[in-house]
Amino acid sequence: MSNEKEVELVDAFYMMIESLKNNGIKNLYGIPGIPITALVRSWQADGGKWFGFRHETNAAMAAGVSGYLTGVPGVCITTPAPGCLNGLAGAANATTNGWPMILMSGAAGRRNTDLQQGAFEEMDQLWAARQHVKAAFRVNNLRDFPVAIARAYRTAVSGRPGAVYIDLSHEALTGTMPAADAAKLMFSPVDPTPKQPADAAAIKRAADLLKGAKKPLILLGKGAAYAQCDADIKALVEETGIPFLPMSMAKGLLSDNHPQNAGPARSYVLPECDVCLILGARLNWLLGNGSGPTWGNQLKKFIQVDILPNEIDSNVPIAAPVVGDIASVVGQLRAALKGMPKADAAWMGGIAERVQGSKDKLAPTLKAQTAPGMMNYRNSLGAVRDVLAKNPNVVLVNEGANALDNGRMIIDQYLPRKRVDSGTWGIMGIGMGGSIGAAISTGEPVVAIEGDSAFGFSGMEVETMCRYNLPITVIIMNNGGIYKGNEPNAGGYDDPSPTAFVPGARYDMMATAFGGVGVQATTPEELTAALEASLKSRKPTVINAVLDPDSGVESGRISGLNIERKKKA
Ligand code: FYN
Ligand code: ADP
Ligand code: MG
C-alpha cells in the first residue's frame with residue numbers, strides 16, 4: 001500500500017501539442033497511421049486543424065507552400081520509413097526553394113533500429129533526412145518537445161528559410177511526466193525571425209554602383225516576395241525609375257501591368273543591362289548561372305541582396321554584396337538612393353518598345369479559333385487569363401512543361417505571392433499539395449493550371465480537395481501526353497510511346513467521383529464559362545481542357561537541357 005499522493009501526469013502527445021500551440025501552429029498536414037494516429041486525433045480534439053492527405057509528399061508540399069505564402073512554417077506529420085521518405089520529397093523541395101516548414105515522422109524504437117533488428121517500419125530516418133533539410137533533430141524524451149519545436153520553428157524561419165525535420169522516436173512518444181514539471185518547460189520563442197539589416201558600408205557600395213549605372217535593372221526573386229515588404233519594394237522601384245524583371249514567383253510583387261515591368265523584354269534587358277540589383281534571387285540555372293548568352297556574354301556588375309552570406313559569389317563575382325534581410329535592406333537602400341535621378345529615358349524607351357512588341361506578337365495567338373477539342377496552349381490560356389484578370393486575389397498554382405512556360409508568359413499577376421510553381425528544381429508534383437496548402441493557409445480561391453502529366457503526380461488529392469470542400473479549380477491542359485500526346489512508338493510496334501497517355505482521358509470525372517464538379521471544356525468559350533462558374537461557386541472543380549495532341553514542344557522552353565542520342569558510327 002502506498003501513501004504517496006497521486007501525481008498528475010502528462011503524456012508525449014500533450015507535450016507536443018502544447019509546444020506546437022506555443023509556437024502559433026494552427027494547421028497540421030499529413031497522413032495518420034502507426035504510431036501517430038492517436039496523436040493527430042488528440043490534436044483535433046484539442047482544437048487543432050487537421051488536413052489528411054492521400055500521399056505524404058503532397059502533405060509536405062502543402063506545408064512548404066503555406067510556409068512560403070504566409071511566413072509561418074507549415075507542419076507535416078507522417079508515419080515512419082516510407083511515410084518519412086515520401087514527406088522528405090516535399091521537405092527537400094521546400095529547402096531548395098527556401099520555404100519554411102517542419103516535417104515530423106514517427107519512428108521505430110531506437111534499440112531495435114540501431115541494432116537493425118527488424119522492427120515495424122524500421123529505418124534510420126534522421127540520417128536519411130539530414131541531407132535534405134536545413135536541420136534535423138531527434139526527440140528521445142517527451143520533456144524535450146518544447147525546445148525541439150521552438151528550435152525547429154526558429155531554424156525554419158530565420159536566415160534563409162527551409163525545412164526542418166524532427167524524428168519522433170518511439171521512446172519520446174511513449175513516455176509520461178508530471179504535469180507540474182511539464183508546465184515549467186513550456187515557452188513561446190521571442191523574436192524567431194529577427195531583422196538583419198545590412199552593414200552601412202555595403203549599402204553605400206551598392207548605392208554608389210546603382211547611381212553610376214547607365215542601364216540599371218532590378219531583378220526580383222521569390223525571396224523578395226517572401227520578405228513581405230511589398231510597399232517598400234514598389235517604392236524603391238518607382239523612386240529610382242529602374243525597370244524590374246520578376247522571376248516567375250515574383251510576378252505580381254509589382255503588377256505585371258506596371259510600366260516599369262521588363263518581363264516581356266527578358267531577352268533584351270538581361271544582356272543589355274550594366275548594373276543588376278538582385279533582390280532575393282539566385283544566379284542558378286534559371287538565370288544562366290550569371291554568365292553566358294543570357295547575360296550577353298559579359299560579366300555584369302551585380303549588386304546581390306541576400307540573407308545568406310555564402311550565396312554571394314556562388315556562380316560569378318558579385319561587385320556589391322549586401323547581406324541582410326530584404327525588408328530591412330530595401331529601406332536602407334531607399335534612404336541611400338534618395339534624390340537619385342530616374343533611370344535613363346533611352347534605356348526605358350528601348351525596353352517599352354520591346355515590351356509592346358512582345359505583347360503585340362502574343363495577343364492574336366490568345367484569341368485564335370480552333371475546332372472543338374483542338375485547343376492549343378495559347379488560346380486556352382488566353383481564355384483563362386481573361387477570367388483571372390477579373391479575379392486578382394486567386395492564387396495560381398502552375399506546373400508542367402508547356403503548361404508552365406505558357407502559364408508564366410500568358411497569365412498576368414497583379415498582387416504579390418499569388419503564384420506558386422515548379423520552382424527552383426523545376427518539379428512536377430507540387431500541384432494538388434500546393435493548391436491545398438495555398439487554399440488553407442490564405443483562405444483565397446486557388447486555380448491550378450496543370451499539364452496532364454504534372455497533374456498525375458498528385459491527382460489523388462482531388463479527393464482531399466473534395467473532402468475539405470476547398471475552393472480549388474484544377475484546369476488540366478490535356479494533350480494526352482508528356483510534351484505531346486501523339487508521339488508514335490519509336491520501335492514501330494503498338495505499345496504506347498514513353499511520353500503518351502490514354503488518349504481522350506476524362507480527368508473531369510475524377511472530381512465527380514468524389515462529389516466535386518467535373519467539366520469537360522473543348523473550346524476557349526467553354527473553358528471561360530467553366531472557370532467563371534467554378535470561381536463563383538467556390539466548389540472543388542476539375543476542368544478537362546481538351547487540347548490538340550500535337551500542341552506543345554518537347555521540354556517547353558528548356559529543351560536545350562536534354563541530352564540527344566549520339567549518332568552511331
Ligand atoms: C514574358 N514574355 C511575354 C510576356 N511575358 N511576351 C508577351 N507578353 C508577356 N506578358 C516573353 C519574354 O520576353 C520571353 O521572350 C518569353 O515570353 C518567355 O518569358 P520567360 O518565361 O520570362 O522567359 P524564359 O526565357 O522562358 O525564362 C527562362 C527561365 C524559364 C529558365 C527562367 O524558362 C523558367 O522559369 N523555366 C522553368 C522551366 C521548368 O521548371 N520546367 C519544368 C520542367 S519541364 P524573349 O524575351 O523573347 O525570350 C521538363 O521537361
Ligand atoms: P527565384 O527562384 O525567384 O530566383 P530563389 O529561390 O532562387 O528565387 O532565391 C531566393 C533568395 O532569396 C535565396 O537566395 C534566399 O536566401 C533569399 N531570401 C529569402 N528570404 C529572404 C529575406 N527575407 N531577405 C533576404 N534574402 C532572402
Ligand atoms: Mg501533356
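Which atom of ligand 2 is 3.5 Å from a polar backbone atom of G280? In this predicted model, the partner of that G280 backbone atom is an oxygen atom of ligand 2. This pair is a good place to begin, and the surroundings of the ligand can be built up from there.

A second oxygen contact involves a side chain: an N or O atom in the side chain of K222 is 2.7 Å from an oxygen atom of ligand 2. The backbone takes part again at I326, where an N or O atom lies 2.8 Å from a nitrogen atom of the ligand. On its own, ligand 2 has 580 Å² of accessible area, and the protein covers 94% of it. The shell that does this consists of 18 residues, and the closest are R160, K222, R282, D306 and I326. Sorted by class, the residues of this shell are six nonpolar, seven polar and five charged. Helix 11, which spans residues 222-226, provides the largest share of the shell, with three residues.

Ligand 1 has its own set of neighbours. It is surrounded by 22 residues, of which P264, S267, R408, Y483 and R557 come nearest. Three polar contacts help to place this ligand. An oxygen atom of ligand 1 is 2.6 Å from an N or O atom in the side chain of R408. Polar backbone atoms also feature here: one of P264 is 3.0 Å from an oxygen atom of the ligand, and one of G263 is 3.3 Å from an oxygen atom of the ligand. Of the 990 Å² that ligand 1 exposes when taken alone, the protein buries 80%.

Where do the residues around ligand 1 come from? Domain 2 (200-353) and domain 3 (367-555) each contribute at least three residues to the shell. In terms of helices, at least two residues are supplied by each of helix 13 (266-272), helix 15 (345-366) and helix 17 (402-410). Helix 17 gives the most, with four residues. By class, this shell holds 11 nonpolar, six polar and five charged residues.

Stepping back to the whole protein, the chain is divided into domain 1 (9-185), domain 2 (200-353) and domain 3 (367-555). The C-alpha centres of domain 1 and domain 2 lie 37 Å apart. Between these two domains, 13 residues of domain 1 are in contact with 10 residues of domain 2. The size of an interface is often given as the accessible area lost when the parts come together. For domain 1 and domain 2, the buried area is about 960 Å², and carbon and sulfur atoms give 51% of it. On the domain 1 side, Y68, N97 and R160 supply 61% of the area buried against domain 2, more than any other three residues. Readers may recognise R160, since this residue is also among the closest to ligand 2.

Finally, two details of the backbone deserve a look. Most residues other than glycine have a negative phi, and most peptide bonds are trans. Against that background, the peptide bond from I34 to P35 is cis, with omega near 5°. P35 sits in the loop between strand 2 (27-30) and helix 2 (37-45). The other detail is D191, a residue other than glycine whose phi is positive, near 50°. D191 is found in the loop that runs between helix 9 (179-185) and helix 10 (200-211).

How values were computed. Residues are numbered from 1 along each chain as its sequence is written. Chains are lettered from A and ligands numbered from 1 in the order in which they are written. This is a predicted model: local features need pLDDT of at least 70, side-chain atom pairs count only at pLDDT 80 or more; totals for chains, interfaces and linings use all residues. Side-chain values use heavy atoms; hydrogens and water are left out. A residue is near a molecule or strand if one of its heavy atoms lies within 4 Å of it. A polar contact is a pair of N or O atoms within 3.5 Å; within protein, one must be able to donate a hydrogen and the other to accept it, and residues adjacent in sequence count only if both atoms are side-chain atoms. Accessible areas come from the Shrake-Rupley method with a 1.4 Å probe; for residues, only the protein chains shown count as cover. Ala, Val, Leu, Ile, Met, Phe, Trp, Tyr, Cys and Pro count as nonpolar, Asp, Glu, Lys and Arg as charged, and the others, Gly among them, as polar. Domain bounds come from an automatic or database domain assignment. Contact means heavy atoms within 4.5 Å. Buried area is the accessible area (1.4 Å probe) that two parts lose on being put together, summed over both.
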